[in-house]
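Dear colleague,

I am passing on the structure we talked about, and I would be glad if you could look through it at your own pace. My notes follow below it.

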Amino acid sequence: MNEEKAPEPIDKIPPEAFLVFREEMAKREIDLSKYNLHFYQTEEVFIVATSYKQKPAGLRGSMVGFPDYEVKILRKDNSIKSTAIAR
Amino acid sequence: MSKGEPSSPNAKPGDDAPCNIIVTACPVANTYATQSEAAKSALNQANPTSISQNTEYGGLIYRNANGRYGYTAPSAGSGTGFDPSSVSVPPGTTLVGDYHTHGDYSTADAQGNPVRTADPSQDAFDSNHFSTTDLRGIENDAADKPGYRGYLGTPSGTFLQYNPNTRTVSNL
């Protein structure tokens, strides 16, 4: 890696992409009411990052037992590129 | 040197500062000409242990009163996180960045806790990159601190840095 732009924060993602995100979370039986949602984009993907509502503000990664997630959705066809737990 | 003692009789405030019993990590005695050198040294110290224990480690990078740089000794976080606010810089120094490591490649158990695989193709955590929560946390901690950087040690052995002003990630 030489230099790479960080994903850009955005207010929301298109409804079709958000539906894909919700389906992915439902498949993993994740209760979204416990999380704040944050939206980002790159040229390739939309990203939805969850952060557990009770998480300490400065914490990098996730709280033990309360994983935050990052779902990357390909812009070209609204398919899941990857789902990772934030570390 | 025992905890609480200055490393030399001539130690000045912020220059190889002594440990304070209320901080959770002590400064490392060596100092460095640049912030990047201090960060590399910190990650070189933290990353092998982080990988072998599959636990995140981290600490803070600071500037001494004499313009040289140092870092707090690596403190253990959890398998999935590290909180820089759990550490303080020595008195008389200026906070200029933070570092943390990501442990080893892992899958996740039912609670989302890491289970080591040591295999990059089986990594549920995207461990070789800053997470967006990392980037957001660094941006928040960098507010009103020009020059603040976040540094990351990864299981690949690559060290990354994040500049929140330009919002760019690059190799350290």
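**Where the chains meet**

A:R60 stands opposite B:F82, a residue of β4(B). Please keep in mind throughout that this is a predicted model. The pair belongs to a place where strand β5 of chain A, residues 60–61, is joined to β4(B) by two bridges, the two strands running antiparallel. Taken over the whole interface, 31 residues of chain B are in contact with 28 residues of chain A. On the chain B side, the elements that give two or more residues are β4 (81–82), α2 (132–141) and β10 (168–171), and the largest share, six residues, comes from α2(B). Sorted by class, that side of chain B has eight nonpolar, 17 polar and six charged residues.

**The sheet of chain A**

Chain A has an open sheet of five strands in the order β2-β3-β4-β6-β7, with antiparallel pairing. Since β2 (8–10) and β7 (80–85) of chain A stand at the edges and each has a single partner strand, one side of each is left without a neighbour in the sheet. From one strand to the next, the twist averages 25°. Within this sheet, strand β4(A), residues 45–52, and strand β6(A), residues 69–74, pair in the antiparallel sense over five bridges, and A:V45 stands opposite A:L74 in β6(A).

Two helices lie across strands of chain A, one from each chain. Helix α1 of chain A, residues 15–27, lies across β4, β6 and β7 of chain A and runs at about 135° to β6(A), while α2(B) lies across β3 (35–41), β4 and β6 of chain A, running at about 70° to β4(A).

**Chain B and the nonpolar cores**

According to the UniProt annotation, from an unreviewed entry, residues 37–170 of chain B are covered by "domain: DUF4329". The end C-alpha atoms of that span lie 15 Å apart, and the span is 20% helix and 31% strand.

The largest nonpolar core has 28 residues, and those with the most contacts inside it are B:A39, B:A42, B:L43, B:I61, B:Y99 and B:Y162. Several elements of chain B each supply at least two residues of this core, including β5 (94–101) and α2, and α1(B) gives the most, with five residues. Leaving aside neighbours within four places in sequence, B:Y99 is in contact with residues that include B:A39, B:I61, B:Y71 and B:Y151. Apart from this core lies another, of 17 residues, among them A:F21, A:I47, A:V48 and A:I73.

With best wishes

Key. Residues numbered from 1 in each chain as written. Chains lettered and ligands numbered in written order. Predicted model: local features only at pLDDT ≥ 70, side-chain atom pairs only at ≥ 80, totals over all residues. UniProt positions renumbered as here; feature names shortened; annotations may be inferred. Helix = DSSP H or I, 4+ residues; strand = E, 2+ residues; numbered from the N terminus. Contact = placed C-beta atoms within 7 Å. Nonpolar A, V, L, I, M, F, W, Y, C, P; charged D, E, K, R; others polar. Pairing = 2+ DSSP bridges. Axes fitted to C-alpha atoms, helices over the stretch in contact; angles between N-to-C directions. Core = buried A, V, L, I, M, F, W, Y, C linked by C-beta atoms within 7 Å. Buried ≥ 20, exposed ≤ 12 C-beta atoms within 10 Å, placed from the backbone.
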